Amino acid sequence: MMRKLAILPALFAAGPALAATGPFVSLWNTNFVVLIAFVVFVGLLLVLGVPKILGNMLDKRADTIRSELDEAKALREEAQTILASYERKQKEVAEQSERIVAKAKDEARQAAEQAKADLEASMARRMAGAEEQIASAQARAVKEVKDQAVTVAIAAAREVIAKQMTAQAANKMIDDSIATVESKLH
């Protein structure tokens, strides 16, 4: 370290000071005058406390930057918290919408099944009504055919009896019929 300090004055001394003509320590030597002005300037800066003022200014600026960095960090953390909150809410909304869609699909499936069951029941009722109408029509047709057959049979029997019957046989039949009716009424 000491060696470095010894080299520094030698460099100053070996430079332009040796190149100047005349004695170095003279007010006519511009290098000497510049050296004195520089030393006075540096001394004046030290006396006025400029390095301390500059250090304080740099410290204030460093503190300002540090506080801004801390504030930015806090804002970033807050933004991350808000982002996480929104992502969580978005996930909840997505899950809720999936549940709603699933419920709607289930309700639609149930409604379709109910409509199918209602349609089958309606078809069964209509088929039963149609079968009932067919059975009723068949019964009427059979009754009409039987009635017609009875009418035809009565007419044929009347004709046969009228041709074969005598007055005496007719009177006897009337008397037998009256006796039968009397016995059933009493």
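## A residue in a loop

Let's start with N29, which sits in the loop between α2 (16–19) and α3. Keep in mind that you are looking at a predicted model.

Is N29 buried or exposed? Its relative accessibility is 6%, and buried means under 20%, so N29 counts as buried. The side chain of N29 also has a polar partner: one of its polar atoms lies 3.1 Å from the backbone nitrogen of N31.

## A residue on the next helix

Now follow the chain into helix α3, which covers residues 30–48. Here you will find L46. With a relative accessible area of 58%, L46 is exposed, because exposed means over 50%.

Which residues join L46 in a nonpolar surface patch? They are F24, V25, L35, F38, V39, F41 and V42. Together with L46, they make a patch of about 760 Å². Try finding these residues in the structure above.

## The whole chain

Time to step back and look at the overall picture. How many helices and strands does the chain have? There are five helices and zero strands. Reading along the sequence therefore gives the pattern α-α-α-α-α, with helices and strands taken as DSSP runs numbered from the N terminus.

The chain has 186 residues, and buried residues make up 3% of them. N29 counts as buried, while L46 is exposed.

Finally, consider the surface of the chain. Its accessible surface comes to about 16,800 Å². Carbon and sulfur atoms account for 65% of that area.

Note on methods: Residues numbered from 1 in each chain as written. Predicted model: local features only at pLDDT ≥ 70, side-chain atom pairs only at ≥ 80, totals over all residues. Heavy atoms only, no water. Patch = residues over 30% accessible without salt bridge, like charges linked within 9 Å, V, L, I, M, F, W, Y side chains within 5 Å. Areas by Shrake-Rupley, 256 points an atom, 1.4 Å probe, with all protein chains shown as cover. Salt bridge = Lys/Arg side-chain N within 4 Å of Asp/Glu carboxyl O. Helix = DSSP H or I, 4+ residues; strand = E, 2+ residues; numbered from the N terminus. Buried < 20%, exposed > 50% of the residue type's maximum accessible area, 1.4 Å probe, protein only. Polar contact = N/O pair within 3.5 Å; in protein donor to acceptor, adjacent residues only side chain to side chain.
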